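Me: I would enjoy a close look at one part of this model with you. Could you start from a single side chain and then work outwards through its surroundings and the rest of the fold?

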Amino acid sequence: MFKEKMFSLLSKLGYRQKDNTQNLKTRLIKGAISIFGLKSFSMGLGFLISLILARILGASDYGLYVYIFQIMDVLVLLGNSGSDSLIVRDGAIYKSNSDWGLLHGLLKWSNQFVLGFCSLLIIISIIILFSLGDQISAPFRLSFLIGILFLPIACVRNLNISTMTAFQQFFKGHLPEFFIRPILLISSIICAYFILAKNVNTPIIAGIHVSVSGICLFIIMLLLNQTIPKIVWQETPKYEIKKWLKTSLPLLFSASLYIFYTNIDSLMLGVMKGFTLVGIYDVVVKGKLIIYMVIQAMSGVLQPNIATVYAQG
C-alpha cells in the first residue's frame, strides 16, 4: 500500500514537472517571437526616422546628431556600470527566493550609485567640452549640452527595464522603448518640421530626442510600479555591496564589447572624415541591418523545409 502511494506521488510529480517544462518552453517561444516582432518594428521605424532626419537636416547635421548620441551610448554604458545586468541576474534570484530585503537593497543601491556616477560623468564631460574651446563648433557644443541630459534618463530607464526583466516582464518592460518611443519620436519630428519649417536643426532634434526619452521613462516607471510587489518596499533593505560591485564589473566588460563594436566605426569616422560621412554611413548601415534581419528570418523558415524536401527526395 505504501509503495503504491509512493509510485502514485512520484508519477504525479513527474507529470507536473513535464507540464511545467512544456509551459516554460511555450513561454520562451512566445516571448522570443514577441520580442523579435517588437524589435523588428522598432528597427523599421528607426530606419524611417533616419531617412526623415537625413532629409530634413542634411547629411552633415544628421551626422552630428548621430555622432553625439553614439557618444551618449558609450556614456550610458559607463553610467550603468553593469548594474542593469546585475539586476537581471541577482534580482531574479532574490525574487525566486522571496528575499525581498536584498531585492529592495539592490534596487535602492543601484539607482543611487548610477545617478551619482552619471552626475560625475556629466561634470567631467562638460569640463572637457569647454576645455576644447574653439576646436569644436557652436552647434556641436549646444547639441552636446542638450544631449547630455539623455544620460541619466537612459541609465535609469535601463535599470527599470532590467528590474521588469527580472520579474519576467521582458516584453512589457521593452514596449515603451521599442514601440512607443519611435512613434513619439517620428511624430514629434514631423510636427517640428511643419511648425518650424527650415529652422529645424540638430539642437532641436536633440531636444526632441531627450524629451521623448523622458516621457518613455515616465511610462516605464508607471509599469514598474505595477509590477513590483508592495512587500519589496515594505521590507528593510539589505546590502551586499562588495558582492554586487565584484559581479557588475565583468558584466560591464561584456556589455562594453558590444557597445564599442557597434559604435567605434562611426566614432572613428567622425574624427577622421567629419560628420557628413557619419550621416551617410549611419543610414546605409541601418538599411543593411534590416535586409540582414529579413534574410535571417527567411533562412530560419526555409532551411529546415528545404532540408526536409531534399531528404524526402
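Is arginine 89 buried, partly exposed or exposed, and what is its relative accessibility?

Reply: Happy to take you through this. Please keep in mind that this is a predicted model.

Arginine 89 counts as partly exposed, because its relative accessibility is 43%, which lies between the 20% limit for buried and the 50% limit for exposed. The partner of arginine 89 is aspartate 90: the two form a salt bridge, with the closest N and O atoms 3.0 Å apart. Aspartate 90 itself is buried, at a relative accessible area of 2%. The bridge therefore joins a partly exposed arginine 89 to a buried aspartate 90.

From there we can turn to the other charged pairs. The search of the whole structure gives four salt bridges. One of them brings together the side chains of glutamate 240 and lysine 243, at 3.5 Å from N to O. Here glutamate 240 is partly exposed at 30% relative accessibility, and lysine 243 is partly exposed at 41%.

Another salt bridge is found between glutamate 177 and arginine 157, where the closest N and O atoms are 3.2 Å apart. This pair links distant parts of the chain, since glutamate 177 belongs to helix 7 (residues 170-196) and arginine 157 to helix 6, 20 residues apart. Both glutamate 177 and arginine 157 are buried. There is also a network of salt bridges here, in which Arg157, Glu177 and Arg181 are linked.

Helix 6 brings us to the aromatic side chains. The count of aromatic pairs comes to ten. In one of them, the ring centres of phenylalanine 69 and phenylalanine 150 are 5.6 Å apart and the planes stand at 75°, so the pair is edge-to-face. Phenylalanine 69 sits in helix 2 (residues 59-80) and phenylalanine 150 in helix 6 (residues 150-166), so this pair ties together parts that are 81 residues apart in sequence. Each ring belongs to a buried residue: phenylalanine 69 has a relative accessible area of 7%, and phenylalanine 150 has a relative accessibility of 5%.

A second aromatic pair is made by tryptophan 109 and tryptophan 244. Their ring centres are 5.5 Å apart with the planes at 40°, so this pair is tilted. Tryptophan 109 is part of helix 4 (residues 100-131) and tryptophan 244 of helix 10 (residues 241-273), so the parts tied together are 135 residues apart in sequence. Tryptophan 109 is buried, with 9% relative accessible area, and tryptophan 244 is buried too, with 0%. These two tryptophans belong to one aromatic cluster, formed by Trp109, Phe113, Phe117, Tyr239 and Trp244.

You may also be curious about the cysteines. The search of the whole structure finds zero disulfides. Cysteine 155 shows why a short separation is not enough: the closest cysteine sulfur, in cysteine 118, is 3.3 Å from the sulfur of cysteine 155, too far for a bond, because the cut-off for a disulfide is 2.5 Å. Cysteine 155 counts as buried, at 0% relative accessibility, whereas cysteine 191 is partly exposed, with a relative accessible area of 44%.

Next, a look at how two of the helices pack. The axes of helix 5 (residues 138-147) and helix 8 (residues 202-227) come within 9 Å and cross at roughly 5°. Helix 5 is therefore roughly parallel to helix 8. On the helix 5 side of this meeting are Pro139, Leu142, Ser143, Ile146 and Gly147, and on the helix 8 side are Thr202, Pro203, Ala206, Gly207 and Val210.

Finally, the whole fold. The protein has eleven helices and zero strands, so that every element in the run from the N terminus on is marked α. Of its 313 residues, 39% count as buried; aspartate 90 is one of the buried residues. Among contacts between residues at least 6 apart in sequence, 84% join residues at least 24 apart.

To come back to your starting point, arginine 89 is partly exposed at 43% relative accessibility, and its salt bridge runs to aspartate 90.

Methods. Residues numbered from 1 in each chain as written. Predicted model: local features only at pLDDT ≥ 70, side-chain atom pairs only at ≥ 80, totals over all residues. Heavy atoms only, no water. Buried < 20%, exposed > 50% of the residue type's maximum accessible area, 1.4 Å probe, protein only. Phe/Tyr/Trp six-rings, centres within 6.5 Å; stacked < 30°, edge-to-face > 60°. Helix = DSSP H or I, 4+ residues; strand = E, 2+ residues; numbered from the N terminus. Axes fitted to C-alpha atoms, helices over the stretch in contact; angles between N-to-C directions. Parallel < 35°, antiparallel > 145°, perpendicular 65-115°, else oblique. Contact = heavy atoms within 4.5 Å.
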